[in-house]
Protein chains: 2
Amino acid sequence: MGKCEQCIIKQFNSLKALTSDELVRISKCKTSKTIKKGEILFEEGENINGVYCVKDGICKLSKLSENGKDQIVKMVVKGQLIGQRSLVTDESSNLQATALNDMEVCFIPKSEIIADLQKNANFSFEILKEMAHDLKEADDVIVNMAQKSVRQRLAETLVYIHDSFGTNPDGTLSVILSREDFANIVGTATESAIRVLSQFKKDGLISTTGKYIKIENLNGLKFVE
Amino acid sequence: MGKCEQCIIKQFNSLKALTSDELVRISKCKTSKTIKKGEILFEEGENINGVYCVKDGICKLSKLSENGKDQIVKMVVKGQLIGQRSLVTDESSNLQATALNDMEVCFIPKSEIIADLQKNANFSFEILKEMAHDLKEADDVIVNMAQKSVRQRLAETLVYIHDSFGTNPDGTLSVILSREDFANIVGTATESAIRVLSQFKKDGLISTTGKYIKIENLNGLKFVE
DNA sequence: ATTTTAATATGATATATGTCATGTTTTGCT
DNA sequence: AGCAAAACATGACATATATCATATTAAAAT
């Protein structure tokens, strides 16, 4: 099992603000976990009581709606933390985390890290910054959901995935999602997501090979009406 | 001008975690402001560089969409803080704040309070808690926007206003909104909001006298299909 | 008090999206 | 490799919501 103080992943999240001493201590109590594609890291309503540091892979954070659909609220990739909220409340999780591909994560129990939040102002400031950023992103999602068409939202989702999570050497999006996942990000019926993607294909905005999607006209997607 | 150390409003927000010394210092540099109904506290893109403590009144936080509509993302009432995000980033505001009725606010400059965020762990923990709460609420809004009908969202908005902001002695909702505001909360056309409210009236779920709305059947609204 | 302006209301119609049905392709399994 | 189960695709139709037009009422201005 790797040591936190030597782990480069922490450079991408708030844990970089911890001192070497703090890292050594955390390293001793952290647990590593492998989650296979499709498996659930934690469920809605579960008490997670700690943070997960994503060493590899991607997962979706979703919330079950009353109509039975599983709305995807956020996607988390390598380098990011999950569960910061659990550090400051005793409430159970409002979201479910599901692996979109094979993942490697480290779990740091709340009991071990909560003291650092009190002692290390740099650390809590970093967490604060991350939350502020998430909050701004959430505001943007709300506006998009409220004011844009399914077509526009889906186009933006493709652009977002392209810009945030990158592409494979052949230019296909590195994050592979089912049409149902796309529908659950955009907040539409699976059939509608399928139809819109087909239309994008006909319009030459994207091309597909199986589940692989390649953006052929990034600028076109950005200006979809 | 009142003194922060004696102000009871702070009990309702993170400022309660400041020490008396810190409050005395902040009291000296804070400025009080009166904002009339309809006036703008700050605009999208403005550098606010501080937090507003709402002593009285209510305001809406909104974001302009590309289609020209002004999506309301959150409402803030007496007791709450606005602009916590500005404490942790140098970015300009992503939202506009507009008074829904006459307001009294105190402005505390970032330069004065930023040091307390470093020194007083209780204070930064409180801010962290508030942000975590806002984040959870934002997640819920996203799911509602994505998965519920205009009718359901409008019903929930009425219940939310009732439960969170209360009623006047005669039972009418204490927050007065135009139909356009309702439309901009729910993310729909003004005409649609008007139609749905008219239908609620016909169904006996609400009654109206001018702009005053009274909820006649709270439980009915909660289970609108 | 009267005029002007803004807000509310409602009808008619267009359009986007949801739903249900059915067929095809891909994926996973033994 | 062959079969079963998902995932994807597409048509037909239903429905919610947007848009445009036009009254009506309430609020603001002179």
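Biologist: How many residues does each of chain B and chain A put into the contact?

Modeller: Bear in mind that this is a predicted model. Contact here means heavy atoms within 4.5 Å. On that count, chain B brings 40 residues and chain A brings 39 residues.

Biologist: And what area gets buried between chain B and chain A, and what share of it comes from carbon and sulfur atoms?

Modeller: In chain B, the residues that lose the most area to chain A are L128(B), I142(B) and Q147(B), together 17% of what that side buries. For the whole interface of chain B and chain A, the buried area is about 3900 Å², and the carbon and sulfur share is 66%.

Biologist: Which element of chain B gives the most to the side that touches chain A?

Modeller: Four elements each supply at least two residues of that side: strand 5 (70–77), helix 2 (84–88), helix 3 (110–119) and helix 4 (121–147) of chain B. Sorted by class, the side of chain B that touches chain A holds 19 nonpolar, 10 polar and 11 charged residues. The top contributor, with 22 residues, is helix 4 of chain B.

Biologist: What about charges: how many salt bridges are there between chain B and chain A?

Modeller: One salt bridge pairs K136(B) with E91(A), with the closest N and O atoms 2.9 Å apart. Polar contacts across the interface of chain B and chain A come to 14 residue pairs, both partners at pLDDT 80 or more. As for salt bridges between chain B and chain A, the count is 6.

Biologist: Which parts of chain A does the salt bridge of E44(A) and K63(A) tie together, and how many residues apart are they in sequence?

Modeller: Over all chains the structure holds 28 salt bridges. In this one, the closest N and O atoms of E44(A) and K63(A) are 3.8 Å apart. E44(A) sits in the loop between strand 2 (40–42) and strand 3 (50–56) of chain A, while K63(A) is in strand 4 (residues 58–64), so the pair links parts separated in sequence by 19 residues.

Biologist: How are the two copies related?

Modeller: Rotating by 180 degrees, with 0.0 Å of shift along the axis, puts chain B on chain A at an RMSD of 0.0 Å. The copies are thus related as by a two-fold rotation axis.

Biologist: Why can we say that the copies meet through the same surface?

Modeller: You compare the interface residues of chain B with those of chain A. The copies meet through the same surface because the share of chain B's interface residues that are also interface residues in chain A is 98%.

Biologist: On to the DNA. Which residues come nearest to DNA strand C?

Modeller: Around DNA strand C there are 15 residues. By class, that surface has 3 nonpolar, 5 polar and 7 charged residues. Coming nearest are V150(A), T188(A), S192(A), R179(B) and R195(B).

Biologist: Which residue has a side-chain N or O atom 2.9 Å from a base oxygen of DNA strand C?

Modeller: Let's go through the polar contacts. A polar backbone atom of A189(A) is 3.3 Å from a phosphate oxygen of DNA strand C. E191(A) puts a polar side-chain atom 3.4 Å from a base nitrogen of that strand. The residue with the 2.9 Å approach to a base oxygen is R195(B).

Biologist: Which helix gives the most to the surface near DNA strand C?

Modeller: Among the atoms of DNA strand C within 4 Å of the protein, 55% are sugar or phosphate and the rest belong to bases. The biggest giver to the surface near that strand, with 5 residues, is helix 7 of chain B.

Biologist: And for DNA strand D, which element supplies the largest share of the nearby surface?

Modeller: The 15 residues surrounding DNA strand D include R179(A) and V150(B) among the closest. Helix 7 (190–202) of chain A and helix 7 (190–202) of chain B each supply at least two residues of this surface. The largest share, 5 residues, comes from helix 7 of chain A.

Biologist: Which residue of chain A has a side-chain N or O atom 3.4 Å from a phosphate oxygen of DNA strand D?

Modeller: R195(A) has a polar side-chain atom 2.9 Å from a base oxygen of DNA strand D. From chain B, a polar backbone atom of A189(B) lies 3.3 Å from a phosphate oxygen. The side chain at 3.4 Å from a phosphate oxygen belongs to K211(A).

Terms used: Residues are numbered from 1 along each chain as its sequence is written. Chains are lettered from A and ligands numbered from 1 in the order in which they are written. This is a predicted model: local features need pLDDT of at least 70, side-chain atom pairs count only at pLDDT 80 or more; totals for chains, interfaces and linings use all residues. Side-chain values use heavy atoms; hydrogens and water are left out. A residue is near a molecule or strand if one of its heavy atoms lies within 4 Å of it. A polar contact is a pair of N or O atoms within 3.5 Å; within protein, one must be able to donate a hydrogen and the other to accept it, and residues adjacent in sequence count only if both atoms are side-chain atoms. Buried area is the accessible area (1.4 Å probe) that two parts lose on being put together, summed over both. A salt bridge is a side-chain nitrogen of Lys or Arg within 4 Å of a carboxyl oxygen of Asp or Glu. Ala, Val, Leu, Ile, Met, Phe, Trp, Tyr, Cys and Pro count as nonpolar, Asp, Glu, Lys and Arg as charged, and the others, Gly among them, as polar. Copies are superposed by least squares on the C-alpha atoms of residues with pLDDT of at least 70 in both.
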